[in-house]
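Colleague: I would like a close look at one part of this model. Please take me through the helix packing and the nonpolar core.

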Amino acid sequence: MNSRNRNGLGHYQRMRRLVLAVMVVAMFAALLFGQSSFPPDTTFHEVVEMLGILMIFLGVVGRLWCTLYIGGRKSDEVVTGGPYSVTRNPLYVFSTLAAAGVGAQMGSIVATIGFALLCAGAFHVVIRREERYLASEFGAEYQSYLARVPRFWPKLSLYREGDTGSFRPKLLLNTLLDGLVFLVALPVFELIDHAQITGALPVLFRLP
């Protein structure tokens, strides 16, 4: 694929990162002033938080897994192996899972589901535009992939290993750095909880 086409796809990749960055900022804003209806010292609140931490880790690891397959190849071929065999957009799926984990740090089921839906909805706009671009570039091969593999929700029965192609450590590192924002945020969530409990931060709303 020539440089013009690479630049075209790069536009959508930058858009994906921008959407993710905006979502993270919005989530932090909600966490700063929102709290669960269940007090922080209750078992339910702590279980939701722990499940959220698990979702964040799975989201980060999943994004790295996707990069092993797609890294450097998306502009040259239709990648259909590994996570791309069960969903056309596994990077978005794992990012949404991590976003749900962020919402869970509020100790709220509503925030957990709401953050996931908000993230998935924002990514949906990028996905539709990216799909039109890839269909115009890869033609029948990509159309066949569209017909076979679901857009978002994974269909595990379709899984096949496929080929990871040539490994590019730099791309894997970039994906790791993108995902670290979720991991680095974990101690920040604890500080926010403490500040709200002590009254240093006002709680403007509560969610079940």
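Modeller: Here is the packing of one helix pair, followed by the core. Keep in mind that this is a predicted model.

Start with helix H2 (residues 43-70) and helix H3 (residues 90-104). Their axes lie 7 Å apart and pack at an angle of about 160°. Angles over 145 degrees count as roughly antiparallel, so H2 and H3 are roughly antiparallel to each other. The crossing of H2 past H3 is left-handed.

Now the residues. On the H2 side, the contact includes Val-48, Gly-52, Met-55, Ile-56, Gly-59, Gly-62 and Trp-65. H3 answers with residues including Leu-91, Phe-94, Leu-97, Ala-98, Gly-101 and Val-102. By class, this contact has 14 nonpolar, five polar and two charged residues. Glu-49 and Arg-63 of H2 are part of the contact as well.

Val-102 leads on to the core. Leaving aside neighbours within four places in sequence, Val-102 is in contact with Met-27, Leu-31, Ile-56, Phe-115, Phe-182 and Phe-189. Ile-56 is also one of the H2 residues that meet H3.

The largest nonpolar core has 25 residues. Met-27, Val-102 and Phe-189 touch the most other members. Helix H1 (3-33), H2, H3, H4 and helix H6 (169-198) each give two or more residues to this core. H4 gives the most, with seven residues. A second, separate core has 15 residues, among them Val-79, Tyr-133, Leu-134 and Phe-138.

Terms used. Residues are numbered from 1 along each chain as its sequence is written. This is a predicted model: local features need pLDDT of at least 70, side-chain atom pairs count only at pLDDT 80 or more; totals for chains, interfaces and linings use all residues. Side-chain values use heavy atoms; hydrogens and water are left out. Axes are lines fitted to C-alpha atoms, for helices over the stretch in contact, and angles run from 0 to 180 degrees between N-to-C directions. Helices (H or I, at least four residues) and strands (E, at least two) are DSSP runs, numbered from the N terminus. Angles under 35 degrees count as roughly parallel, over 145 as roughly antiparallel, 65 to 115 as roughly perpendicular and the rest as oblique. A crossing is left-handed if the near helix is turned anticlockwise from the far one by less than a right angle, and right-handed if clockwise. Contact means heavy atoms within 4.5 Å. Ala, Val, Leu, Ile, Met, Phe, Trp, Tyr, Cys and Pro count as nonpolar, Asp, Glu, Lys and Arg as charged, and the others, Gly among them, as polar. A nonpolar core is a set of buried Ala, Val, Leu, Ile, Met, Phe, Trp, Tyr and Cys residues joined through side-chain atoms within 4.5 Å. Buried means under 20% relative accessible area, exposed over 50%, partly exposed in between (1.4 Å probe, protein chains only).
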